[in-house]
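Hi everyone, thanks for coming. I'll walk you through a structure that's probably new to most of you, so let's put it up on the screen.

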Amino acid sequence: MSLESFKKIINEGKLTCPKCKKAIKQFDKYVERMASVWDGAGDSHTETEGSLVTLICANDGCSFKERTEYWDNYLSDD
Ligand SMILES: [Zn+2]
């Protein structure tokens, strides 16, 4: 998941706030987490392992804010 893809998910309202059940509108401090992979032949490369992000609901009257790497739990199905 790159920052650009994550932005798209937020812009499309695909993450649902667990408190008010509306779309999460903002995020902060996105960090892509990389895992090093050693192929045994002398080369190593990195693969995206996941991402850590602060989700901010930002809907009226809702104070939901969470720093999580399991933000996909809030992905809506439709
Ligand atoms: Zn909310």
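I'll start with the metal site, then go through the helix, the charged pairs, one strand residue and a few backbone details. One thing up front: this is a predicted model.

Okay, the metal. Which residues hold the zinc ion? There are four cysteines doing it, C17, C20, C57 and C62, each through its SG atom, at 2.2 to 2.4 Å. The angles among those four donor atoms run from 104 to 115°, and the site is tetrahedral. If you want to find the cysteines in the sequence, look for the spacing C-x2-C-x36-C-x4-C.

Now look at where two of these sit. C17 is in the loop between α1 (3–11) and β1 (26–38), while C57 is in the loop between β2 (44–56) and β3 (65–68), so this pair ties together parts that are 40 residues apart in sequence. And are they buried or exposed? C17 is buried, at a relative accessible area of 0%, and C57 is buried as well, with a value of 0%.

Next, the helix, α1. Its buried residues are F6, I9 and I10. These cover an arc of only 100° around the axis, so they end up on the same side of α1. Turn to the face that points away from that buried side, and you'll meet the exposed residues E4, K8 and N11. Then, just after α1, there's G13, which takes a positive phi of about 70°.

Keep K8 in mind, as we move on to charges. As a bit of background, side chains of opposite charge can pair when their charged atoms come close. How many salt bridges do we get here? The count comes to four, and I'll show you three of them.

Start with K8, on that exposed face of α1. Its side chain meets the side chain of E12 in a salt bridge, at 3.8 Å from N to O. K8 is exposed, with 52% relative accessibility, and E12 is partly exposed at 45%. E12 also has a salt bridge with K14, this one at 3.3 Å, N to O. K14 counts as partly exposed, with 31% relative accessibility.

The next pair is R33 and E69, whose side chains form a salt bridge at 3.5 Å, N to O. This pair links distant parts of the chain: R33 is in strand β1 and E69 is in the segment after β3, 36 residues apart. Both ends have some exposure: R33 is partly exposed at 31%, and E69 is partly exposed at 34%. Going back to the earlier residues, K8, E12 and K14 are joined into one network by salt bridges that share partners.

Let's zoom in on a single residue now, T54. You'll find T54 in strand β2. At 8% relative accessibility, T54 is buried, because the cut-off for that is under 20%. What does the side chain of T54 make a polar contact with? The partner is the side chain of R67, at 3.2 Å. Leaving out residues up to four places away in sequence, T54 touches Q26, F27, D28 and K29, and also K65, E66 and R67.

One of those, K29, takes me to the backbone. Most residues other than glycine have a negative phi, and most peptide bonds are trans. K29 isn't a glycine, yet it has a positive phi of about 50°. K29 lies in strand β1, and it's exposed, with a relative accessible area of 56%. K21 is another non-glycine residue with a positive phi, near 65°. You'll see K21 in the loop between α1 and β1, where it counts as exposed at 61% relative accessibility.

Last stop: D39. Where does D39 lie? D39 is in the loop between β1 and β2, and it's partly exposed, at 43% relative accessibility. Try picking out D39 and I24 together on the screen. They're 15 residues apart in sequence, and their C-alpha atoms are 39 Å apart in space.

So, if you take one picture away, make it the zinc ion with its four cysteine SG donors in a tetrahedral site. That's it from me, and I'm happy to go back to any of it.

Note on methods
Residues numbered from 1 in each chain as written. Predicted model: local features only at pLDDT ≥ 70, side-chain atom pairs only at ≥ 80, totals over all residues. Heavy atoms only, no water. Donors = N, O, S within 2.8 Å, 3.2 Å for Na, K, Ca; no water. Tetrahedral: all angles 85-135°; square planar, octahedral: opposite > 155°, others 65-115°. Helix = DSSP H or I, 4+ residues; strand = E, 2+ residues; numbered from the N terminus. Buried < 20%, exposed > 50% of the residue type's maximum accessible area, 1.4 Å probe, protein only. Polar contact = N/O pair within 3.5 Å; in protein donor to acceptor, adjacent residues only side chain to side chain. Contact = heavy atoms within 4.5 Å. Arc of directions from axis to C-beta.
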